[in-house]
There are 2 protein chains.
Amino acid sequence: MTNSPGRQSGPSEPSAIPDERASLIGQLLSFVAHRRLEPGDRLPSERELAERFAVGRGAVREALAVLETLRIIERRPNSGIYLRPVEKQGSIEAIVLQAELGIPLTEAEVREVVELRRILEMQAMRLAAERRHVEDIAHLDEILDATDRAIAAGENPADQDAAFHLAMVEATGNHVFLRVVNAFYLMSRNRRRVYFADGTRAPLSQAQHRAMRDAVAAGDPDRAEAAMGGHLRGVESYWMELLERRARGD
Amino acid sequence: MTNSPGRQSGPSEPSAIPDERASLIGQLLSFVAHRRLEPGDRLPSERELAERFAVGRGAVREALAVLETLRIIERRPNSGIYLRPVEKQGSIEAIVLQAELGIPLTEAEVREVVELRRILEMQAMRLAAERRHVEDIAHLDEILDATDRAIAAGENPADQDAAFHLAMVEATGNHVFLRVVNAFYLMSRNRRRVYFADGTRAPLSQAQHRAMRDAVAAGDPDRAEAAMGGHLRGVESYWMELLERRARGD
DNA sequence: CCGGGTGAATTGGTCATACCAAATTGGTAG
DNA sequence: CTACCAATTTGGTATGACCAATTCACCCGG
């Protein structure tokens, strides 16, 4: 069942700015970017990379193992390390990792993420409304209350916002769905905090969340989807403004 | 031998049954599964794991780095390695990795993957039909022809099938979308080969692919979406039959 | 000048050892 | 019982060495 006390290895913040070890991955990433390496190109050998970044070979291999599982590179035994067409075959987790490393998304990536997020969350609302269970609604209410408390306390409700959206996806009963959407929220975590730094946004967002909760609780897929659509419109306009600002040179 | 130029770093097969190194990851995964470890539980130390699996500590650390980026475990410096709630927070790539290791998806995962794949590909068809570019259609035709040749040669057109679906997603112009769908095709690669081992399926699939191509070329989102819907119905029924067969004990 | 073959250098894969700093643990003194 | 301290454990990291397969360069023969 649900362990009430026990450990509290809280699901709070998994990682915002990872430890220093991650910096090696970031250095490798910026290395390929700075060198203008294209898919198929070969990277320096492990020994050379170790020397270049002043770290041990083991650390390099660890970073390379990560980049390999993210389909950014390919390691050919006794041959070398080669760059893969990351744009097409790279893992979605590669973007999550970049975001955690503080590397901002490109304009194209932002537009694409926004578009896909809308598709995913709109459909998630339909499924959630069709399959709503009492415990799911209770979970949503719980998060809603926690958000109220956070706002009242003057805290940044960014994490509660993410928790609500993820709980909505969880209400679809589709855990694979949850994994995918979770990636999107991880990659925009920092930006979300900035978004809610403007205190006027939280109350509006909260009201829309409540409308979404009610639509799901009522088992109305159309209304639920529409509510999410309107909610996302606000977030998306923020992103578009941000892109314009960035295009003008901040 | 016969390849004249350098290498043909072709986009052929990236990895089906990875090398032996991957087996350590598989061993670690089966270890946590066999030990019935729950989220929050601590794994044995790196030194202990190295001894248990008769490998060096470096190899263990490399595997752990991968499991960490996939959000399966969490490494706390000077403390230990802890299991994370993989079901909820795990990366979608974790499922891809498991599939590559030969670990079959659970029944729930199959149903969830099928459901999400339908959502993604249906919406992808709409976007593809709205934005179709000449080069996208040309790319589709290219793959269609290659599929014809493969079928005529008696080869298994599993990879061409995946290429077609991925090209369709690519036609949306959304590379993030492509990354997500790509994960789904990677995790079902082996099963797809079995699916097309029945020679009668390829021609029907090919016909449906052509209908989808035409609908997209005509810029008709509704027809394109409907064509994909019908196409997926066939694939999904195969999966459902497979689950029933598995439930009865093969 | 070209083609092929051979040996050396390179490279990823792996293991063993050692050291560090922080976290953990255990026991002891107050 | 609490507070504090020392030994142990643990992840993080660097170094060195060896293996096998791949590459590459050089040389020889045609």
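The two chains of this predicted model meet through the same surface, because 97% of the interface residues of chain B are also interface residues in chain A. How are the copies related? Chain B lands on chain A after a rotation of 180 degrees, with 0.0 Å of shift along the rotation axis and an RMSD of 0.0 Å. That is the relation of a two-fold axis.

Turning to a single copy, chain A holds 250 residues, and 36% of them are buried. The C-alpha trace of chain A spans about 60 × 50 × 35 Å along its principal axes. In terms of secondary structure, chain A has 12 helices and three strands. Sequence distance is worth a look too: take the contacts in chain A between residues at least 6 apart in sequence, and 63% of them turn out to join residues at least 24 apart.

Chain A splits into two domains, with domain 1 covering 21-95 and domain 2 covering 105-247. Measuring between centres taken over C-alpha atoms, domain 1 of chain A and domain 2 of chain A are separated by 34 Å.

Next comes the sheet. Strands of a sheet pair through backbone hydrogen bonds, and they can do so in a parallel or an antiparallel way. In chain A, three strands make an open sheet with antiparallel pairing, and reading across it gives the order β1-β3-β2. At the edges sit β1 (42-43) and β2 (73-76) of chain A, each of which pairs on one side only. Strand β3 of chain A, residues 80-83, runs antiparallel to β1(A), and two bridges join this pair. In one match between these strands, A:Leu43 has A:Ile81 in β3(A) as its bridge partner. The sheet also has a helix packed on it: α3 of chain A, residues 57-69, touches β2 and β3 of chain A. The direction of helix α3 makes about 115 degrees with that of β2(A).

What about the nonpolar interior? The largest nonpolar core has 104 residues, and the members with the most contacts inside it are A:Met168 and B:Met168. Which residues does A:Met168 touch, once its neighbours within four places in sequence are set aside? The contacts are A:Ala124, A:Met125, A:Ala128, A:Leu140 and A:Met212. A:Met168 itself falls within the 105-247 range of domain 2 of chain A, while β1 (42-43) and β2 (73-76) of the sheet fall within the 21-95 range of domain 1.

How values were computed. Residues numbered from 1 in each chain as written. Chains lettered and ligands numbered in written order. Predicted model: local features only at pLDDT ≥ 70, side-chain atom pairs only at ≥ 80, totals over all residues. Helix = DSSP H or I, 4+ residues; strand = E, 2+ residues; numbered from the N terminus. Buried ≥ 20, exposed ≤ 12 C-beta atoms within 10 Å, placed from the backbone. Contact = placed C-beta atoms within 7 Å. Core = buried A, V, L, I, M, F, W, Y, C linked by C-beta atoms within 7 Å. Domains from an automatic or database assignment. Least-squares fit on C-alpha atoms with pLDDT ≥ 70 in both. Pairing = 2+ DSSP bridges. Axes fitted to C-alpha atoms, helices over the stretch in contact; angles between N-to-C directions.
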